[in-house]
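Me: I would like a close look at one part of this model. Please start from a single contact and work outward to the sheets around it.

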Amino acid sequence: MTIVKAKDYTDLSRKAANIISAQIIMKPACVLGLATGSSPEGTYKQLIDWYQKGDLDFSQVTTVNLDEYRGLPPEHEQSYRYFMNKHLFDNVNIDKSRTFVPDGLADPVEGCKKYEEIIKSTGGIDLQLLGIGVNGHIGFNEPDVFFESETHCVDLTENTIEANRRFFNSKDEVPKQAYTVGLRTIMHAKRILVIASGENKADAVYNAVYGKITPEVPASILQLHNDVIIIADEAAAKKL
Ligand code: GLP
C-alpha cells in the first residue's frame, strides 16, 4: 500500500485528481470505477476544472459506479446516478451511455446479475476510486459481508444510515437497503485509490491499513491488493 498524506481536503482532492488524470492520459479508453459521497466531490470538481482548461478528455472513458440506494429512481436528488450527473458527468465530455450506475429500481437478483455482467463486459476496471465509511465499509459493503461477494443487495447498518442521514430531510427517508459492487469485484480492479478526509475516518483508515484482515472491516481486504494508494488528509491520517 502506498500511503500519501495530504495537508487538507483541497490538497487531497488535487492529488486524487492528478492520479485519475494520469490514468486517463495514459489510457484514454480506460475504465474508471467511481464513488459517491462527500469524499470524492472535491476530486470531481478538480477534474472538471482541468477538463474546462482543455487538459483532460473524457470522450473515450467508461465509468462504473460502486453503488446505489435500492428504491431510488435516477432522477431522485439523493440517488447516486443523480449525484454523478451533477458532480461529474454533466460537466465533462463523457459519453453518458458509457457511464454505469446500478439501477436502484431493478430487481435485487436480476439487477445485480446484470450489473456484474456490465462490469465484466467493460474488460475490467483500470482504476477504482473509493471513499471509506466510518465503520470501514467500502461501496456499501458493510461489516461482515463475505469477502468474495460480487454485486449484491445489502441491508444498511444503523451506523451508515445515521452517517448518511445528513443528505435527507429525515432519518426515515434514508433507504434501508442498497445495491453495491462486491469486494471481490473491487479487488479485481487493477489499481485502487482510496481517499479519506476528516477525523471521523481516522479509525477506519488505521484499521484498513494496519488492522487485522477481517470482513468486520471491509476495507482491510485492500491489504491483499498489490496496487492500492491511500490518500488521507492530516485528520484522517492522524492514527497512522
Ligand atoms: C457511503 C457510500 C460510500 C462512501 C461512504 C463515505 O456509504 N456508499 O461509497 O465511501 O458513504 O462517504 P463520505 O465520503 O460522504 O464520508
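Which residue does the side chain of Arg184 meet in a salt bridge, and at what N to O distance?

Reply: Arg184 meets Glu150, with 3.6 Å from N to O. A salt bridge here is a side-chain nitrogen of Lys or Arg within 4 Å of a carboxyl oxygen of Asp or Glu. This is a predicted model, in which local features need pLDDT of at least 70 and side-chain atom pairs count only at pLDDT 80 or more, while totals for chains, interfaces and linings use all residues. Residues are numbered from 1 along each chain as its sequence is written, and side-chain values use heavy atoms, leaving out hydrogens and water.

The pair links distant parts of the chain. Arg184 sits in helix α6 (residues 183–187). Glu150 sits in the loop between β6 (127–130) and β7. The two are 34 residues apart. Helices (H or I, at least four residues) and strands (E, at least two) are DSSP runs, numbered from the N terminus. Both ends of the bridge are partly exposed: Arg184 has a relative accessible area of 38%, and Glu150 has 31%. The classes are buried under 20%, exposed over 50% and partly exposed in between, with a 1.4 Å probe and protein chains only.

The structure holds 14 salt bridges. Another of them joins Glu158 and Lys171, whose closest N and O atoms are 2.9 Å apart. Glu158 lies in helix α5 (residues 158–164) and Lys171 in the loop between α5 and β8, so this bridge ties together parts 13 residues apart in sequence. Glu158 is exposed at 52%. Lys171 is partly exposed at 26%. Lys171 also bridges to Glu162, at 3.3 Å between the closest N and O atoms. Glu162 is partly exposed at 38%. Through shared partners, Glu158, Glu162, Arg165 and Lys171 form one network of salt bridges.

Now the strands β7 and β8. Together with β4 they make an open sheet of three strands, in the order β4-β8-β7, with antiparallel pairing. β4 (67–69) and β7 (152–155) are the edges; each has a single partner strand, so one side of each has no neighbour in the sheet. The twist averages 25° from one strand to the next. For such angles, axes are lines fitted to C-alpha atoms (for helices, over the stretch in contact), and the angles run from 0 to 180 degrees between N-to-C directions. Strands count as paired if DSSP finds at least two bridges between them. β4 and β8 (residues 177–180) have three, and run antiparallel. Asp67 has Thr180 in β8 as its bridge partner.

There is a second open sheet. It has seven strands in the order β1-β10-β9-β6-β2-β3-β5, with parallel pairing. Its edge strands, β1 and β5 (99–100), each pair on one side only. β6, which borders the loop of Glu150, belongs to this sheet.

Next, β10 (residues 228–233). Six of its six residues are buried, so β10 is largely enclosed by the rest of the structure. In a regular strand, side chains alternate between the two faces of the sheet. Both faces of β10 are covered: Val228, Ile230 and Ala232 are buried on one side, and Ile229, Ile231 and Asp233 on the other. β10 pairs with β1 in parallel over five bridges. There, Lys5 stands opposite Ala232. β10 also runs parallel to β9 (residues 191–196), again joined by five bridges. Ile192 has Val228 as its bridge partner.

Strand β1 (residues 2–6) holds Ile3. Ile3 is partly exposed at 31%. Ile3 joins Met1, Tyr206 and Tyr210 in a nonpolar surface patch of about 370 Å². Patches take residues with over 30% relative accessible area and no salt bridge; like charges are joined within 9 Å, nonpolar side chains (Val, Leu, Ile, Met, Phe, Trp, Tyr) within 5 Å. The areas come from the Shrake-Rupley method with a 1.4 Å probe, and for residues only the protein chains shown count as cover.

Finally, β3 (residues 62–65). β2 (residues 31–34) and β3 pair in parallel over four bridges, with Val31 opposite Thr62. Asn65 is also in β3. Asn65 is buried, at 0% relative accessibility. Leaving aside neighbours within four places in sequence, its contacts (heavy atoms within 4.5 Å) include Leu34, Phe89, Phe100, Tyr115 and Val181.
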